[in-house]
Amino acid sequence: MHKNALQPFTKLIAFLPLFFVSVNYAHDGSVDNTVSPKALNFQEVKQLNSLKQTALSSTLSYDLVESLTTQVGPRMMGTPGDKLSVEWAVNKMNALGFDKVWTEEVSGPQWVRGEAQARIVAPYPHNVVALALGGSVGTSDKGITADVAHFKTLADLQAAKKGSLTGKIAFVSYRMDRHIDGNGYGKAVGTRVTGANIAAEKGAVALIMRSVGTDNNRTAHTGVMRYKEGGKKIPAAALSNPDADLLVNQLNRGKPVSFYLKMTSRMNNKATVKSANVIGEITGSELPKEIVAIGAHLDSWDVGTGAIDDGMGVGMVMAAAHHISLLDKRPKRTIRVILFAAEEVGLLGAKQYMVDHKDEMKHHVLGAEWDFGLGRIYEMKTGVGAQGLNAVRELAQHLAPLGVSLAPMNNARAQSDMSLLSDAGMPSINFSPDGSRYFDYHHTENDTLDKVNAEDLKQNTAVYTMFAFFAAQAAVDFRD
């Protein structure tokens, strides 16, 4: 036989080890020479790819966001919009063919935003855009007029001597950095959460801060803040980025700057308001007690219409479950969609879920939430056991054509509400979308439907659909 005739057989023999043997890695990174079976068989892979095409061609997730933002709008806990959103979600889940739909009550204190007025009084008078931070107390009816004490960072404010800000308004001008994964948020948000406590300890009568946002729009960003128990409570507000720049420019001229702030916000501790987690299931055909959890938070702040935070997530997870429900046979495990209440005011819905389902947590086999980003998902981060990691690597191969890579680390927690489930032992996935523009609109009046890219949303929905089906169908213990 001519030597050239052997080439096809030589190539086949060289390929055979790659076809039949997969290399696995233990937790410490060493090679595990055992051979792992595929998590999905040929027919199941066909179903997975069919679901991908369904999600990529469907407008359902966008239609749901459009409906939520148009028919409901802002959904802060304790408002009429919040109550309406619960009714909306229950009706939509039933219409989409969920096998079970129910609500679980969540309660908390009532905060009322009221109105905010702010202006630079001297040396160069200007009206500025300000927004009360969530949970802030208000000012007196006359408002507060005081000189501004400027700090570039929260650390600088912390370093101020006790009593040095007596009678002054503390101003922190730190600007958030823009990153694809939003990691600048953590460095900026500390002032919002704890700045008022620190300023009060130094003697300040109020705190104003540059908004936690990456935009240059003249819109301020709200967000929750916390008072220290037993500490003095002072009003806290965020300025739009352009107005923070304006204030810095005046301060840089070396003259005292006088600022006026009036806020009518208040916490009504005597009133308990009620909301609800909305939960829907596609019941598993073989292992109905085992739960794959996909979630988002249903509430939003009272500014904007909550399209990106978190209407997108609501639309995605509801659409994903619906697409899977159209299969001829339900997947083996139950897919549970959790729309959490009161995330914005302190993960109250997630905390209540942990109470209501504490005995069921061992049956939550894998979970993922969406509560960040605007663009397409580019990476999958894992937090699973060794066997689960081998299966997730298989999922990663199916997601790769959508532009999703697998992160090298295996220590992920789920986002936002579901991070509490991760901490309770639920194996978790954290999908990373492009968040470069997310904090341009986050917690502002600019959080509206026009910011949602319908084509990017299709890709995100396809990823969550494939994830939910894979996790529900794969014969894998993701904890091991």
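**Exercise 1. State which residue with a positive phi follows α6, then describe the helix itself.**

Solution. Gly-203 follows α6, and its phi is positive, near 105°. The model is a predicted one, in which local features need pLDDT of at least 70, side-chain atom pairs count only at pLDDT 80 or more, and totals for chains, interfaces and linings use all residues. Residues are numbered from 1 along each chain as its sequence is written, and side-chain values use heavy atoms, with hydrogens and water left out.

Step 1: the extent. Helices (DSSP runs of H or I, at least four residues) and strands (runs of E, at least two) are numbered from the N terminus. Helix α6 covers residues 184-201, 18 residues in total.

Step 2: the span. From first C-alpha to last, α6 reaches 27 Å, close to the 26 Å expected at 1.5 Å a residue. The expected span is 1.5 Å times one less than the number of residues.

Step 3: the bend. A kink of about 65° in α6 is centred on Thr-194; the bend is the angle between axes fitted to the seven residues ending at a residue and the seven starting there.

**Exercise 2. Find which residues of α6 are buried and what covers them.**

Solution. Step 1: the cut-offs. Buried means under 20% relative accessible area, exposed over 50%, and partly exposed in between (1.4 Å probe, protein chains only).

Step 2: the residues. Among the buried residues of α6 are Gly-184, Ala-188, Val-189, Thr-191, Arg-192 and Gly-195. Ala-196, Asn-197, Ile-198, Ala-199 and Ala-200 are buried too.

Step 3: the cover. The elements over these residues include helix α5 (154-159) and the strands β8 (169-172), β9 (206-210) and β10 (236-239), where contact means heavy atoms within 4.5 Å.

**Exercise 3. Work out which parts of the chain three salt bridges join.**

Solution. Step 1: the term. A salt bridge is a side-chain nitrogen of Lys or Arg within 4 Å of a carboxyl oxygen of Asp or Glu. The structure holds 16 salt bridges.

Step 2: Asp-99 and Arg-330. Their side chains meet at 2.8 Å, N to O. Asp-99 is in the loop between α4 and β3, and Arg-330 in the loop between α8 and β14, 231 residues apart.

Step 3: Lys-274 and Glu-105. This salt bridge is 4.0 Å, N to O. Lys-274 lies in β12 and Glu-105 in β3, so the pair ties together parts 169 residues apart in sequence.

Step 4: Asp-245 and Arg-175. They meet at 3.0 Å, N to O. Asp-245 lies in α7 and Arg-175 in the loop between β8 and α6, so parts 70 residues apart in sequence are tied together. Arg-175, Arg-210 and Asp-245 are linked in a network of salt bridges.
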